[in-house]
Amino acid sequence: MFSLKILLVAIACVTIPLVVAAIMIDIFYAEKKQVRFSLRRTSMWYVSMFTVSFIPAVLVMTLNG
């Protein structure tokens, strides 16, 4: 149960910076490609960053625990 609480805190700490980073990446991408800002594309950036950064950490935590 203790590791679940740590996992939930880690999700909360990781999610907010990833949202900000996804928005900034989409703004720079849209500026470079001369297209409009897109929430759909921003959500794709967020999902990809979340998958790359957080899923391996969860796997390591659950496999070692």
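These legends go with several views of a predicted model, starting with the whole chain and then moving in on a few spots.

**View 1. The whole chain: two helices and zero strands.** With a radius of gyration of 15 Å, well over the 11 Å that the globule rule gives for 65 residues, the chain is more spread out than a compact globule. If you're setting up a box, the C-alpha trace spans about 50 × 15 × 15 Å along its principal axes. Helix α1 covers residues 2-33, and α2 runs over 39-64, with a loop between the two.

**View 2. Surface and contacts across the chain.** Just 15% of the 65 residues are buried. The accessible surface adds up to about 5200 Å², and carbon and sulfur atoms own 75% of that. As for who touches whom, take the contacts between residues at least 6 apart in sequence: 51% of them join residues at least 24 apart.

**View 3. D26 and its neighbours.** D26 sits in helix α1. Is this aspartate buried or exposed? Its relative accessibility is 0%, and the cut-off for buried is under 20%, so D26 counts as buried. Leaving out residues up to four places away in sequence, D26 touches F37, S38, R41, T42 and W45. One of these, T42, makes a side chain to side chain polar contact with D26 at 3.3 Å.

**View 4. The salt bridge between D26 and R41.** The side chains of D26 and R41 meet here, at 2.4 Å from N to O. The pair links distant parts of the chain, with D26 in helix α1 and R41 in helix α2, 15 residues apart. How many salt bridges does the count come to? The answer is one. The two partners sit in their surroundings like this: D26 is buried at 0% relative accessibility, while R41 is partly exposed, with a relative accessible area of 21%.

**View 5. A nonpolar patch on the surface.** Nine names to look for: I16, V19, V20, I23, M24, I27, F28, F37 and L39 form this patch, and together they have about 850 Å² of accessible area. Which element gives the most to the patch? That's α1, with seven residues.

**View 6. F37, a patch member in the loop.** F37 lies in the loop between α1 and α2, and belongs to the nonpolar patch. With a relative accessible area of 41%, F37 is partly exposed. F37 also turns up among the residues that D26 touches, which ties this view back to View 3.

Conventions:
Residues are numbered from 1 along each chain as its sequence is written. This is a predicted model: local features need pLDDT of at least 70, side-chain atom pairs count only at pLDDT 80 or more; totals for chains, interfaces and linings use all residues. Side-chain values use heavy atoms; hydrogens and water are left out. Helices (H or I, at least four residues) and strands (E, at least two) are DSSP runs, numbered from the N terminus. The radius of gyration is taken over C-alpha atoms; the globule rule is 2.2 Å times the number of residues to the power 0.38. Buried means under 20% relative accessible area, exposed over 50%, partly exposed in between (1.4 Å probe, protein chains only). Contact means heavy atoms within 4.5 Å. Accessible areas come from the Shrake-Rupley method with a 1.4 Å probe; for residues, only the protein chains shown count as cover. A polar contact is a pair of N or O atoms within 3.5 Å; within protein, one must be able to donate a hydrogen and the other to accept it, and residues adjacent in sequence count only if both atoms are side-chain atoms. Patches are made of residues with over 30% relative accessible area and no salt bridge: like charges are joined within 9 Å, nonpolar side chains (Val, Leu, Ile, Met, Phe, Trp, Tyr) within 5 Å. A salt bridge is a side-chain nitrogen of Lys or Arg within 4 Å of a carboxyl oxygen of Asp or Glu.
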